[in-house]
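Here are my notes on this one, in numbered points you can check against the coordinates as you go. Shout if anything looks off on your screen.

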Amino acid sequence: MKLRVLFFSVLRDITAADEIVLELPAGSTMADLLLQIEARWPKLRDWQNSLLLALDQTYVKRDALLHDGGEVAIMPPVQGG
């Protein structure tokens with residue numbers, strides 16, 4: 001299945017990309033997706049305990065099942081000023 005993965009803030013700097021298209025096997029979870037992108041960009045592991053994750057504009061946990069054509073957003077923690 002194909003997924004559109006969006007990166008925000010400092011994560012965009014780490015990946016040097018606003019978004020990528022990623023292919024994963026059917027039945028994959030958000031945790032599976034994170035393993036793939038962390039393998040590609042190991043620096044993302046520094047953020048693994050604080051990432052905000054969304055699927056189709058709804059916050060989800062790492063055990064969320066992904067679906068073909070889904071839009072995944074990966075964000076650092078929200079900071080205010």
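**Notes on the fold and its core**

1. Let's start in the sheet, with one register to pin things down: Leu 6 stands opposite Glu 19 in β2. Another pairing to look up is Leu 3, which sits opposite Leu 22 in β2. Keep in mind that this is a predicted model. β1 and β2 run antiparallel to each other, joined over five bridges.

2. On to β5. β1 and β5 run parallel, and four bridges join them. For a register check here, use Arg 4, which is opposite Glu 71 in β5.

3. What is the order of the five strands in the sheet? Reading across, it goes β2-β1-β5-β3-β4, in an open sheet with mixed pairing. β2 and β4 (58–59) are at the edges with a single partner strand each, so one side of each has no neighbour in the sheet.

4. β2 gives a nice alternating pattern. Ile 20 and Leu 22 point to one face and are buried, while Glu 19, Val 21 and Glu 23 point to the other face and are not buried. As background, side chains in a regular strand alternate between the two faces of the sheet.

5. Now for the helix, α2 (30–40). Which residues of α2 are buried? They are Met 30, Leu 33, Leu 34, Ile 37 and Glu 38. Looking down the axis of α2, these buried residues fall within an arc of 130 degrees, so they line one face of the helix. The general rule behind such patterns is that an α-helix has 3.6 residues a turn, so residues three or four places apart point the same way. On the face of α2 turned away from the buried side you'll find the exposed residues Leu 35 and Ala 39. The cover over the buried residues of α2 includes β1 (2–7), β2, β3 (52–55) and β5 (71–75).

6. Next, the core. The largest nonpolar core has 21 residues, and those touching the most other members are Phe 7, Leu 33, Ile 37, Leu 66 and Ile 74. β1, β2, α2, β3 and β5 each put in at least two residues of this core, and the largest share, four residues, comes from α2. In general, nonpolar side chains in soluble globular proteins tend to be buried together.

7. Leu 66 deserves a look of its own. Leaving out residues up to four places away in sequence, Leu 66 touches Met 1, Leu 3, Leu 24, Ser 28, Thr 29, Met 30, Leu 33, Leu 55 and Val 72. Thr 29, from that list, is in the loop between β2 (19–23) and α2. Is Thr 29 buried or exposed? Thr 29 counts as buried, because its relative accessibility is 17% and the cut-off for buried is under 20%. With the same sequence neighbours left out, Thr 29 touches Arg 62, Asp 63, Ala 64, Leu 65 and Leu 66.

8. There is one aromatic pair in the structure. Phe 7 and Trp 41 meet edge-to-face, at 5.6 Å centre to centre with 75 degrees between the planes. The two come from distant parts of the chain, 34 residues apart: Phe 7 is in strand β1 and Trp 41 in the loop between α2 and β3. Both rings belong to buried residues: Phe 7 has a relative accessible area of 1%, and Trp 41 has one of 13%.

9. Leu 51 is also placed in the loop between α2 and β3. At 14% relative accessibility, Leu 51 counts as buried. Not counting residues up to four places away in sequence, Leu 51 touches Leu 11, Leu 34, Ile 74 and Met 75. From Leu 51 to Phe 7 is 44 residues in sequence and 11 Å in space, C-alpha to C-alpha.

10. Last, two backbone angles for your checklist. Ser 9, in the loop between β1 and α1 (10–15), has a positive phi near 55 degrees without being a glycine. Ser 9 is partly exposed, at 47% relative accessible area. Gln 57, another non-glycine, has a positive phi of about 70 degrees. Gln 57 is in the loop between β3 and β4, and at 71% relative accessibility Gln 57 counts as exposed.

Terms used. Residues are numbered from 1 along each chain as its sequence is written. This is a predicted model: local features need pLDDT of at least 70, side-chain atom pairs count only at pLDDT 80 or more; totals for chains, interfaces and linings use all residues. Side-chain values use heavy atoms; hydrogens and water are left out. Buried means under 20% relative accessible area, exposed over 50%, partly exposed in between (1.4 Å probe, protein chains only). Contact means heavy atoms within 4.5 Å. The arc is that of the directions from the helix axis to the C-beta atoms. Two strands pair if DSSP finds at least two bridges between them. Rings of Phe, Tyr and Trp (its six-membered ring) pair if their centres lie within 6.5 Å; planes under 30 degrees apart count as stacked, over 60 as edge-to-face and the rest as tilted. A nonpolar core is a set of buried Ala, Val, Leu, Ile, Met, Phe, Trp, Tyr and Cys residues joined through side-chain atoms within 4.5 Å.
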